[in-house]
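Me: Could you go through this structure with me? I'm in my first year, so plain sentences would help.

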Amino acid sequence: MTADRDDRPDGRRLTALATPIALTQLAQVAVSTTNIALMGSLGITQVAAGGLALTLFNQIRTMCVGLVTATGNQVATAASRAEQESGQHTTAGRAPHAPGGTVADPAGDEIRDVVRAGFLIATVAGVLGALILAGLGWALQWLGQDAAVLATARPMLMALAPGLLPCLWFQVIRQYTVGMQRPQALLLVTLGSVALNAALALGLMHGWGGLPELGLTGIGVASSLVFLITCLVFWVMVRRDPILSATLPLRMWPVHLGTVGAEVRLGLPIALTYGSEAGMFSVLALVMGSLGPAALAAHNVVYQLVYIVFQVAIGLSHGVSILVSRAVARAEHQRAHGLARLALRQAAVVAALVGVLYATVPDVVLRPFLTGDDHETVALAHRLLLIAIVLQFFDAAQNIGNGLLRGMQDTRAGFRLSLVGYWVVGLPTALILALPVGLGAAGVWWGLTAGLAATAALMLRRYFALLQHRERETPRVLAGSSSAGT
């Protein structure tokens with residue numbers, strides 16, 4: 001595959017973008033894992049309450065992050081369009097620059113406008129999300145939840161709620177750096193947040209170092225403080241970058257409503273897609289619970305393993321999405337075809353390597369989570385691991401397909417297709433295989449695999465069809481432009 005104007009082959013460019021994003025995602029998983037481990041030292045009720053609070057927070061955060069995810073694509077499109085119009089060759093990973101070293105206007109103004117709109121959307125979503133999160137602590141009492149667990153969870157929910165704002169601001173800056181193809185600082189910031197979170201959580205839980213002793217609520221306070229500190233540190237790092245500082249706005253005004261509306265139209269389907277996927281997994285977890293404690297335990301453990309691998313797919317999805325946005329803006333449709341195949345190949349390699357571990361040393365993989373005492377749970381986990389070999393490839397493929405459509409700015413189709421794949425194919429298949437057919441936990445996972453495979457196939461089919469349509473339309477657009485100039 002040929003290199004474009006940043007002088008690197010597409011494979012290296014995708015790896016350079018995807019790797020820091022994937023590692024950042026893995027570091028974020030480490031934060032949540034640390035929090036759960038710390039809860040375990042406080043008792044069973046605290047684990048149940050804290051797990052409930054984190055689940056609700058993550059559900060709302062995931063959907064709010066979806067609202068600002070398209071910011072990176074909008075930034076990449078603006079920078080690439082300006083690069084094409086200026087005719088300037090860029091250095092590796094850089095947007096078009098004027099002689100003074102700043103991004104050439106009007107591209108700089110357009111990028112700043114996109115970022116300001118992203119911050120406004122993040123602020124509104126963060127405030128509304130925090131209010132919803134606080135209210136859920138009281139609303140869940142009408143859904144049959146244990147009263148003691150809810151009473152313990154409410155203070156932590158209140159402590160987590162303010163952290164949603166800086167968390168979403170961080171995501172806007174993150175999308176900006178990814179759109180500008182300079183995401184390297186993300187990993188350093190997130191790794192630092194893992195250590196800071198552990199230190200603050202321990203101090204606030206037990207009252208160490210002169211801090212107040214808050215117990216479980218201390219973990220929520222620590223998380224919100226870490227979100228704020230991480231956001232501020234990341235902002236300073238980006239401001240010190242000579243390339244990124246040129247188009248990162250210092251003032252959050254003026255904000256053009258047209259830009260806000262465009263980002264919301266792109267971001268809302270992404271948020272709903274994320275929510276739809278999370279909702280299906282939540283329903284299937286309830287189904288597993290109805291099959292017994294062993295099935296639910298095996299499901300939770302193997303799902304956590306797949307979720308770790310899934311972070312690599314998130315990196316590939318975001319990376320290829322940005323590269324596709326740039327390729328489409330330059331009408332390089334063959335490159336966009338190749339980028340999709342490249343991302344899928346890289347995902348397949350990762351899934352295959354991990355799958356070898358699942359098949360050859362399952363006990364080693366499961367040992368950190370399960371003891372050999374519960375033979376039924378271990379046996380079920382072994383069976384689910386074998387299904388996960390297939391499932392994790394389709395899970396990665398559907399996430400990459402979602403990123404590809406985001407690169408084409410077709411997020412509505414991604415949402416519609418996810419509803420078909422998850423809820424029309426996946427959930428009914430899981431229920432039929434698990435209950436009437438009698439496959440139990442394995443049936444749930446085969447149904448989940450079918451839903452992910454259907455979603456991946458539908459999204460990839462839509463992406464390649466859109467590319468073919470763009471290829472047919474490009475000669476007409478160019479002909480029209482030539483005739484208009486004569």
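**Cysteines, charges and a bent helix**

Reply: To begin with the cysteines, in this predicted model the number of disulfides is zero.

Me: OK, so which cysteine sulfur is nearest to that of Cys64, and how far away is it?

Reply: The nearest one belongs to Cys167, at 8.8 Å, and Cys64 is in no disulfide. A disulfide needs two cysteine sulfur atoms within 2.5 Å. As for its surroundings, Cys64 counts as buried, with a relative accessibility of 8%.

Me: And what about Cys231, which sulfur is nearest there?

Reply: For Cys231 the nearest cysteine sulfur is again that of Cys167, here 9.2 Å away, and Cys231 is likewise in no disulfide. Cys231 is buried too, its relative accessible area being 7%.

Me: Switching to charges: how many salt bridges does the structure hold?

Reply: There are seven salt bridges in the structure. In general, side chains of opposite charge can pair when their charged atoms come close.

Me: Which residue does Asp10 pair with?

Reply: Asp10 forms a salt bridge with Arg335, and the closest N and O atoms of the two are 2.5 Å apart. Asp10 belongs to helix H1 (residues 10-40) while Arg335 belongs to helix H10 (residues 333-360), so this pair ties together parts that lie 325 residues apart in sequence.

Me: Are those two buried or exposed?

Reply: Both Asp10 and Arg335 are buried. They also take part in a network of salt bridges that links Asp10, Arg13, Arg330, Glu332 and Arg335.

Me: Where do Asp109 and Arg112 lie?

Reply: Both are in helix H3 (residues 107-139), three residues apart, which is about one turn of the helix. Their side chains meet in a salt bridge, at 2.9 Å from N to O. Asp109 counts as partly exposed, at 45% relative accessibility, whereas Arg112 is buried, with a relative accessible area of 16%.

Me: How about Asp241, which side chain does it meet?

Reply: The side chain of Asp241 meets that of Arg182 in a salt bridge of 3.1 Å, N to O. This pair links distant parts of the chain, 59 residues apart: Asp241 sits in the loop between helix H7 (216-240) and helix H8 (257-290), and Arg182 in the loop between helix H5 (164-179) and helix H6 (185-206). Asp241 is buried at 15% relative accessible area, while Arg182, at 21%, is partly exposed, because the cut-off for buried is under 20%.

Me: Back to the surface for a second: which residues make the nonpolar patch?

Reply: The patch, of about 430 Å², is made by Leu120, Val124, Val127, Leu128 and Leu131. Of these, Val127 is placed in helix H3, and with 39% relative accessibility Val127 counts as partly exposed.

Me: Last topic, H8. What span should its residues give, and how far apart are its ends?

Reply: H8 has 34 residues, so at 1.5 Å a residue the helix should span 50 Å, and its end C-alpha atoms are 48 Å apart, which agrees.

Me: Where does the kink in H8 lie?

Reply: The kink, of about 25°, lies at Gly267, shortly before the proline Pro269.

Me: And which residue takes a positive phi just after H8?

Reply: That residue is Gly292, whose phi is about 125°.

Technical notes
Residues are numbered from 1 along each chain as its sequence is written. This is a predicted model: local features need pLDDT of at least 70, side-chain atom pairs count only at pLDDT 80 or more; totals for chains, interfaces and linings use all residues. Side-chain values use heavy atoms; hydrogens and water are left out. A salt bridge is a side-chain nitrogen of Lys or Arg within 4 Å of a carboxyl oxygen of Asp or Glu. Helices (H or I, at least four residues) and strands (E, at least two) are DSSP runs, numbered from the N terminus. Buried means under 20% relative accessible area, exposed over 50%, partly exposed in between (1.4 Å probe, protein chains only). Patches are made of residues with over 30% relative accessible area and no salt bridge: like charges are joined within 9 Å, nonpolar side chains (Val, Leu, Ile, Met, Phe, Trp, Tyr) within 5 Å. Accessible areas come from the Shrake-Rupley method with a 1.4 Å probe; for residues, only the protein chains shown count as cover. The expected span of a helix is 1.5 Å times one less than its number of residues. The bend at a residue is the angle between axes fitted to the seven residues ending there and the seven starting there.
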